[in-house]
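The following note concerns the ligand and metal sites of the model shown below. The points are numbered for ease of reply.

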Amino acid sequence: DAKQQGRNTWHWYQGDVQRITEESVLLRHDLYAALSRDQFELYYQPIVEAENGHIRGLEALIRWHHPEKGMISPGVFIPLAEQTGQIIPLGRWILHRACRDAAAMCATGERVVPVAVNISSLQFRRTGFLADVEQALTESGLPPELLELEVTESILLDGVDHAVELINQLKSKGIKVALDDFGTGFSSLSYLRDLPIHKVKLDRSFIHDIADNRNSAAIVQGIITMAHHLELVVVAEGIEEREQQQDLKRRQCDLVQGFYFAKPMPQNAIVALPGQLPAPVGL
Ligand code: C2E
Ligand code: MG
Ligand code: MG
Ligand code: MG
């Protein structure tokens, strides 16, 4: 009967929650050793000019090679690292690694484009963040103009004043800040008004159905137009198909990024790409 069914459903649900919880307890534990055991790697995904496909930037995306579980997605372990505070040493490692990789690609002339590093809001809001960024630049020798930080609106949890001040300090050193995942969460137009950012990244949920959802298409067009009036650069994330690329190009989006051009890949694969994407098949 329904009652019996309800009870079974509940039992199944409880078991599932328990399994997920145990799993994250184990992963959280493994995270502690992962940094010293050298299990992290930075992948890079090209960001290209919508107009012509020229590579204009690289986004650093972390990968965890777990010894038993294989590759674990940052969508899973970044929130765990935030819960344990591990995000602080991990975030510092990411900054240093990305700056060193970018400086190396510059030195050889293989790829002289800005590197974009995702910054957890915990990391961003912590005292000493600016010093960490400066240290990563000094140690690597990367020019500040080639570093971009991607933040989300959760940096505003301590209020807008602190964020504005920090972004201005970064800006005065030549480091650019992009607002990631724009259009999701609690995105407010006041953020675009108040934050001295350089770029907005349109969340891929809008790009996904741009061809068959008139509302998504209207929102995308509206954000692009508004961003240009605010003198911001606009990037669209998650382009998977040629039609989406053409649509965004037609709508005057500046930059695009997605599997259609290239998936995130190790640095050695990045330097082997041609300067313009999509790469011919078989490359
Ligand atoms: P994000 O910063 O918005 O990064 C974009 C995500 O979309 C990446 O997932 C990327 O692989 C994926 N993506 C790119 N193009 C496409 C596409 O065409 N289709 C689809 N379906 N997906 C696409 P990833 O690497 O799994 O990272 C997920 C999230 O984890 C990132 O979202 C970011 O919030 C966080 N993250 C990744 N690396 C780092 C990091 O080094 N530090 C911090 N703090 N967070 C990171
Ligand atoms: Mg990002
Ligand atoms: Mg994003
Ligand atoms: Mg995201």
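Which element gives the largest share of the shell around ligand 1?

1. The model is predicted, and the remarks here should be read accordingly. The answer to the opening question is strand E2, which contributes four residues to the shell around ligand 1. The elements that supply two or more residues to this shell are strand E2 (55–66), helix H2 (74–84) and strand E6 (176–182).

2. Ligand 1 is surrounded by 20 residues, of which Arg63, Asn118, Asp180, Glu240 and Phe259 are the closest. By class, the shell consists of eight nonpolar, five polar and seven charged residues. The space that ligand 1 takes is the largest pocket.

3. Several polar contacts to ligand 1 merit attention. A polar backbone atom of Phe259 lies 2.8 Å from an oxygen atom of the ligand. On the side-chain part, a polar atom of Asp181 is 3.1 Å from a ligand 1 oxygen, and an N or O atom of Glu237 is 3.3 Å from an oxygen atom of ligand 1. Taken on its own, ligand 1 has 800 Å² of accessible area, and the protein covers 82% of it.

4. The magnesium ion (ligand 3) is coordinated by Asp180 (OD), Asp181 (OD), Glu237 (OE) and Glu237 (OE), at 2.1 to 2.4 Å. Along the chain, its donors follow the spacing D-D-x55-E. Distant parts of the chain are linked by the pair Asp181 and Glu237: Asp181 belongs to strand E6, whereas Glu237 is in the loop between strand E8 (233–236) and helix H10 (242–250), 56 residues apart. Both Asp181 and Glu237 also appear among the polar contacts to ligand 1 in point 3.

5. For the magnesium ion (ligand 2), the donors are Glu59 (OE), Asn118 (OD1), Glu150 (OE) and Asp180 (OD), at 2.0 to 2.3 Å. The spacing of these donor residues in sequence is E-x58-N-x31-E-x29-D. Asn118 lies in strand E4 (residues 115–118) and Glu150 in strand E5 (residues 147–151), so this pair ties together parts that are 32 residues apart in sequence.

6. Which residue coordinates both magnesium ions, ligand 2 and ligand 3? It is Asp180, and the two ions are 4.1 Å apart. Asp180 is also one of the closest residues to ligand 1, as is Asn118, a donor to the magnesium ion (ligand 2).

How values were computed
Residues are numbered from 1 along each chain as its sequence is written. Chains are lettered from A and ligands numbered from 1 in the order in which they are written. This is a predicted model: local features need pLDDT of at least 70, side-chain atom pairs count only at pLDDT 80 or more; totals for chains, interfaces and linings use all residues. Side-chain values use heavy atoms; hydrogens and water are left out. A residue is near a molecule or strand if one of its heavy atoms lies within 4 Å of it. A polar contact is a pair of N or O atoms within 3.5 Å; within protein, one must be able to donate a hydrogen and the other to accept it, and residues adjacent in sequence count only if both atoms are side-chain atoms. Accessible areas come from the Shrake-Rupley method with a 1.4 Å probe; for residues, only the protein chains shown count as cover. On a 1 Å grid over the protein atoms alone, a cavity is a set of points where a 1.4 Å probe fits but cannot get out, and a pocket is an open set with protein on both sides within 12 Å along at least five of seven lines; lining residues have an atom within 4 Å of a point. A molecule sits in a cavity or pocket if more than half of its atoms lie within 2 Å of its grid points. Ala, Val, Leu, Ile, Met, Phe, Trp, Tyr, Cys and Pro count as nonpolar, Asp, Glu, Lys and Arg as charged, and the others, Gly among them, as polar. Donors are N, O and S atoms within 2.8 Å of the metal (3.2 Å for Na, K and Ca); water is not among the atoms, so sites may look incomplete.
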